Structures are given as C-alpha cells and as structure tokens.
Amino acid sequence: MSKLSEAVKALINAGHAKSGYTPSSPGVQTALARFASDAAEKKVGLPAWVTLSTAVSATLNCPEAMTQIFHIANSTPTPTPTPSSPPRTPVQNAELIREVGLKCISFNGIPRSINTLGAFRNSLPSDVGAALSTEPTRELTPDNLPTRKRDGLALWDSVYVGFERKLLDKLAQSHPDLPVHILNGHYANLLSNPRGATPPGGPGNKVGRVLTSLVAIACLRTQTGVGPQVVSHVFGLRKAYDNGDAHAEGEEPVEGGQWLATEDGNIWILENIDKLINVIGGGEGTTFAPGLRPKL
C-alpha cells in the first residue's frame with residue numbers, strides 16, 4: 001500500500017487549509033450560558049436551545065462547544081419536576097446532542113458530523129459514555145421500507161405544504177435522482193423518526209417535527225450562502241404549528257416552540273444564531289465554507 005509523502009501530508013495539514021476542529025474561544029462558555037438564560041426568560045425549553053446551539057456548533061466544526069452545551073444543560077434545572085416530567089439526566093442531554101448532530105448530516109454533509117460526534121463522545125464522563133444507546137434505530141428492512149418512505153414524504157409535505165409537489169418537480173429538473181435522494185436518504189431515513197422506536201435517552205428526548213426544523217434553520221443560517229433554504233425552513237417551522245403537525249400523534253411537546261414559530265420568535269432564533277457564530281468563530285464568521293485562508 002502506498003504512503004503519502006511528507007509534502008502531501010504537509011499540504012493537507014497546512015494552516016491556511018484549516019484542516020482541524022474549530023477551537024472553542026474564551027467567550028463561548030459565557031455566550032452559551034447567556035443564550036440558555038435568555039431562552040429560559042422567553043419560556044423556551046432546554047431541548048429547543050440545546051438543539052439550536054448544538055446545530056450551530058456542529059456546523060462550525062466545534063465539538064468543544066458541544067461539550068460546553070452538555071455541561072450547561074446538566075446545570076439547568078428542570079422547571080417544576082413532576083412524576084411524569086422528572087429532572088433531565090446527563091445521559092438524556094448527551095443523547096439529545098448526539099441526535100441533533102446526526103440530523104445535521106442532512107444539511108451539513110457527513111464529515112463534520114463524523115468528526116464532531118466522535119470528539120463529543122470522547123469528551124463525555126465515562127459513566128455517561130457507558131450509558132449511551134448502542135442500538136441503531138434507522139436500519140431499513142423489507143418490512144419497514146414502505147412505512148419509512150411514506151413517513152419521509154409526509155415530513156416533506158409538512159415542511160413544504162403548498163409547494164411540495166412543485167418543488168419536487170423542480171428538483172428533478174436539476175437531476176432526476178435529486179428528489180429521490182433527498183426524500184429517501186434524508187427525509188425518510190434520517191429527518192423523520194422511526195415509528196415505535198423509543199428516542200435515545202427516553203421519552204421527552206425526541207428530535208421531532210419542531211426540533212428538526214430548528215436543526216435545519218441553525219445549520220443553514222450558520223453556513224451562509226443558502227438564504228432560500230433558510231426561508232423555506234423558517235416557513236417550515238411556522239407550518240408545524242399552523243397546520244397542527246407539531247401536535248400530531250407521536251410528537252412530543254416542545255416548550256416555547258409555538259413562540260419560536262412567531263415573528264418575534266423567528267427574529268430571536270436568527271439573532272442568537274448570529275451571536276453564537278460570531279463568538280465560536282472568534283469574530284471571523286462562519287467556518288463552514290469561508291474559502292482558503294491567505295498563507296501567512
């Protein structure tokens with residue numbers, strides 16, 4: 001098997017190519033804590049702010065920020081715990097972050113999710129890591145394939161209602177397999193959730209219809225350059241409540257979700273994503289596709 005020369009390895013790892021993780025800058029912990037506090041004041045629950053901040057961090061390739069989110073979430077008290085809504089556990093919070101990081105694949109691509117999820121897993125306390133789910137839930141079989149395809153199409157229709165078929169036709173003009181892959185590879189097998197499967201971390205931890213829209217908005221806003229898609233998923237969040245899909249069978253309530261789907265909530269989401277991008281990016285903006293840095 002051939003080996004890479006030192007020259008090739010040096011080029012791959014050259015500083016201007018930024019081949020590694022984005023380090024967490026000194027102000028990230030403070031910014032994340034402020035975001036969590038502001039969310040609480042707005043009556044936006046932990047799953048929503050954890051989803052938004054995790055998706056931003058994963059898009060920026062910053063697993064250290066994901067670990068900081070985990071610790072802040074663990075220190076956030078559950079409002080008025082009850083037998084049906086007990087305090088959240090560190091395992092639940094880690095599983096929520098992992099599930100968000102997985103769904104980021106549909107918007108950011110595979111590499112950043114591989115890298116950030118791996119680094120996040122390695123950063124966890126050993127007892128939390130040992131308690132994480134090891135059973136896959138999205139394996140396709142001849143028995144579940146028709147249902148998974150129907151659920152993927154239903155999610156697509158929910159997000160794009162009013163334009164759902166017209167948009168599929170437009171995508172097929174770009175490439176006939178583009179809508180096939182988007183529906184089957186993403187909406188069916190990743191963005192929608194397998195029927196009957198308990199969410200990793202247990203009930204109350206599902207990244208369902210509303211949180212999936214938050215993943216999309218956060219990833220796409222953080223990337224930059226994809227304004228039309230941000231618009232689509234902001235409308236998709238609104239439609240989740242306008243059309244009742246947020247309360248459909250199998251969905252879990254999202255604290256603050258209905259407000260996030262309003263004009264004021266949309267503004268709050270976008271402004272706070274921008275603040276996190278600025279802090280995590282060290283004032284240099286997004287790291288998703290900024291181009292090669294000048295050689296110094």
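This passage describes the packing of two helices and two loop residues with unusual backbone angles in a predicted model. Residues are numbered from 1 along each chain as its sequence is written. In this predicted model, local features need pLDDT of at least 70 and side-chain atom pairs count only at pLDDT 80 or more, while totals for chains, interfaces and linings use all residues, and side-chain values use heavy atoms, with hydrogens and water left out.

Helix α2 (residues 28-41) and helix α4 (residues 63-74) have axes that come within 10 Å and cross at roughly 45 degrees, where helices are DSSP runs of H or I with at least four residues, numbered from the N terminus, and axes are lines fitted to C-alpha atoms over the stretch in contact, with angles running from 0 to 180 degrees between N-to-C directions. The arrangement of α2 and α4 is therefore oblique, a class that holds the angles left when those under 35 degrees (roughly parallel), over 145 (roughly antiparallel) and 65 to 115 (roughly perpendicular) are set aside. In the contact, defined by heavy atoms within 4.5 Å, V28, Q29, L32, A33 and A36 of α2 meet A65, Q68, I69 and I72 of α4.

Most residues other than glycine have a negative phi. N61, in the loop between α3 (46-59) and α4, has a positive phi of about 65 degrees although it is not a glycine. T224, in the loop between α12 (209-223) and α13 (227-242), likewise is not a glycine and has a positive phi, of about 70 degrees. With a relative accessibility of 8%, N61 counts as buried, whereas T224, at 48%, counts as partly exposed; buried means under 20% relative accessible area, exposed over 50% and partly exposed in between, for a 1.4 Å probe and protein chains only.
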